[in-house]
Amino acid sequence: MQFSSLEFIFRFLPLFFLCYFVMPERGRNVVLLLGSLVFYAVGEPVYILLMLASILINYGAARGMSRVGARGQGKGQRFWLIFAIVLDLSALFLFKYFDFFAENVNLLVHRDALPLLQLTLPLGISFYTFQMISYVADFYMGNIESPGTLLEFATYVSMFPQLIAGPIVQFKEVSQQLRKRPLRLRAFEQGLELFCLGLGSKVLLANKISIFWNQVQGIGFASISTPVAWMGAVAFSFQIYFDFWGYSLMAMGLGYMMGFQIPRNFSVPYMAHSATDFWRRWHITLGRFFREYVYIPLGGNRKGRLRTIFNLLVVWSLTGLWHGASWNFVLWGVGFFVLLVLEKNFYGKFLDSHPAIGRLYVWLLVPVSWMVFEITDFPQLIIYLKQLIGIHSAQVLVSSAQLLRYVKEYGWLFAVCGLCSTWFPVRIYRKLQNSRWLVLICFVIFWLSVYEIKQGANNPFLYFRF
């Protein structure tokens, strides 16, 4: 079930909130857990058992650590930590990476040594697996005072606002709220505003700009001109940003309405002045996970330059692979690793002191990186990258007149997306907070979005596949 669906907005959400608000405070976790399981079961009725089994295993591991002495010490604690993490990663590997692994093994040995399982990827498994790993790791390190009750942990993992596509919430961020969270009218209003703005970002911007990217793919990469190739790369850059940012805003809004403070996942990333700065602003909770649970445990930057570079390579290879079981994702992650190392050792200070040049640098590199991210077929990826720099291997079918038509048809949409990817909407929101104008704007955005959904407009969600 998607947030940007009529089924969710007009059926699931009103019924859920009716049950949630009439329930006494001590019973709201039960309502949230059951509602989240129903939400998940609509899309994955079978794999809900996998998620419940993972919840029991990780909670059992935390309870096991609490029974064998002081945390972070002794073999008993390490056993339970390793036990939980191995099972978590094994499930993720089986469903997401086994066929990728088997295909590459079969290519190496030139025969079908390993069968392909062709399992459907469970929705949200990459996100809730990382949340459970952070839970047992934080408990092992003493960052969590108590494992909480099974109900609290199950509610934390399955909470539907962030279950399918994050943000990756840490248990220590919401543990107090799971025990006690007063409901306030102003928080509900603010959450509703964020939900409407996120819905508009998803439906009115991401879905609309995706039409142009779909047209570019329909023409065929070998037949597009260089200007159209750049327009396509920028269009996809806008699509993936407003798609994921919109979902994150809706998740934050739903959290506010229920009394939770769900962490921010984006901070105007396309206004970054370097690749390093971009990744401080994009998918913030994923970057935090790899920093706290991979990079720092590997030694971070405390063991010399070469070890730091190695640690960064591990982190960015895993970051790429986390997004999908394909070599283009690994290439995408390693590409950012190279950029970050170059910035750290050579020209990062120059970009920091010349933000205008830095932003131009980001806007040249990031759309190219998104093409590496999006195009999984390597021959097609090479063709597209050649088109970006003007190397055409076939006849260009897009004439100047056709290009002009694209500019007239989509120019306004590119301009709106460009404006909305700056600080402008954030500043307008802050200026209009607690005013009737913001209520009116959200009202209009909501019903325009509902109209677009009702019309059956293209309505995918990109991060569902990760």
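**Reading a helical chain, one feature at a time**

Visitor: Where should I begin: which side chain meets that of E173 in a salt bridge?

Guide: The partner of E173 is R288, with N and O 2.6 Å apart. E173 belongs to helix α8 and R288 to helix α12 (residues 284-295), so their pairing ties together parts that are 115 residues apart in sequence. As a general idea, side chains of opposite charge can pair when their charged atoms come close. The term salt bridge is used here for a side-chain nitrogen of Lys or Arg within 4 Å of a carboxyl oxygen of Asp or Glu. Before going on, please note that this is a predicted model, where local features need pLDDT of at least 70 and side-chain atom pairs count only at pLDDT 80 or more, while totals for chains, interfaces and linings use all residues. Residues are numbered from 1 along each chain as its sequence is written, and side-chain values use heavy atoms, with hydrogens and water left out.

Visitor: Are E173 and R288 buried, partly exposed or exposed?

Guide: The words rest on relative accessible area: buried is under 20%, exposed is over 50%, and partly exposed lies in between (1.4 Å probe, protein chains only). E173 has 27% and is partly exposed, whereas R288 has 13% and is buried.

Visitor: How many salt bridges does the structure hold?

Guide: There are eleven. One of them joins K180 and E25, whose closest N and O atoms are 4.0 Å apart. This pair links distant parts of the chain, 155 residues apart: K180 is in the loop between α8 (171-179) and α9 (185-219), and E25 is in the loop between α1 and α2 (28-43). K180 is exposed at 59% relative accessibility, and E25 is partly exposed at 34%.

Another bridge is made by the side chains of E152 and R179, at 3.9 Å from N to O. With E152 in helix α6 (residues 150-158) and R179 in helix α8, the pair ties together parts that are 27 residues apart in sequence. E152 is buried at 10% relative accessibility, and R179 is partly exposed at 38%. Elsewhere, a network of salt bridges links R186, E189 and E193.

Visitor: How many helices and strands are in the chain?

Guide: Both are read as DSSP runs, numbered from the N terminus: H or I over at least four residues for a helix, E over at least two for a strand. This chain has 19 helices and zero strands. Its radius of gyration (taken over C-alpha atoms) is 23 Å, close to the 23 Å of the globule rule for 466 residues, so the chain is as compact as a globular protein of that length. That rule is 2.2 Å times the number of residues to the power 0.38. The C-alpha trace spans about 70 × 60 × 50 Å along its principal axes, and 53% of the 466 residues count as buried.

Visitor: What span should helix α10 have?

Guide: The expected span is 1.5 Å times one less than the number of residues. For the 33 residues of α10 (residues 226-258) that gives 48 Å, and the end C-alpha atoms are 48 Å apart, which agrees. Of those 33 residues, 31 are buried, so α10 is largely enclosed by the rest of the structure. G259 follows α10 and has a positive phi, near 95 degrees.

Visitor: Which residues does S248 touch?

Guide: A contact means heavy atoms within 4.5 Å. S248 lies in helix α10 and is buried, with a relative accessible area of 3%. Not counting residues up to four places away in sequence, S248 touches N265 and F266. S225, in the loop between α9 and α10, is buried at 11%, and with the same kind of exclusion S225 touches H392, V396 and V398.

Visitor: Which residues make the nonpolar surface patch?

Guide: Such a patch joins nonpolar side chains (Val, Leu, Ile, Met, Phe, Trp, Tyr) within 5 Å, from residues with over 30% relative accessible area and no salt bridge. Here F10, W437, L440, F443, V444, W447 and L448 make a patch of about 760 Å². Helix α19 (residues 436-454) gives the most, with six residues. F10 is found in helix α1 (residues 6-22) and is partly exposed at 40%.

Conventions
Patches are made of residues with over 30% relative accessible area and no salt bridge: like charges are joined within 9 Å, nonpolar side chains (Val, Leu, Ile, Met, Phe, Trp, Tyr) within 5 Å. Accessible areas come from the Shrake-Rupley method with a 1.4 Å probe; for residues, only the protein chains shown count as cover.
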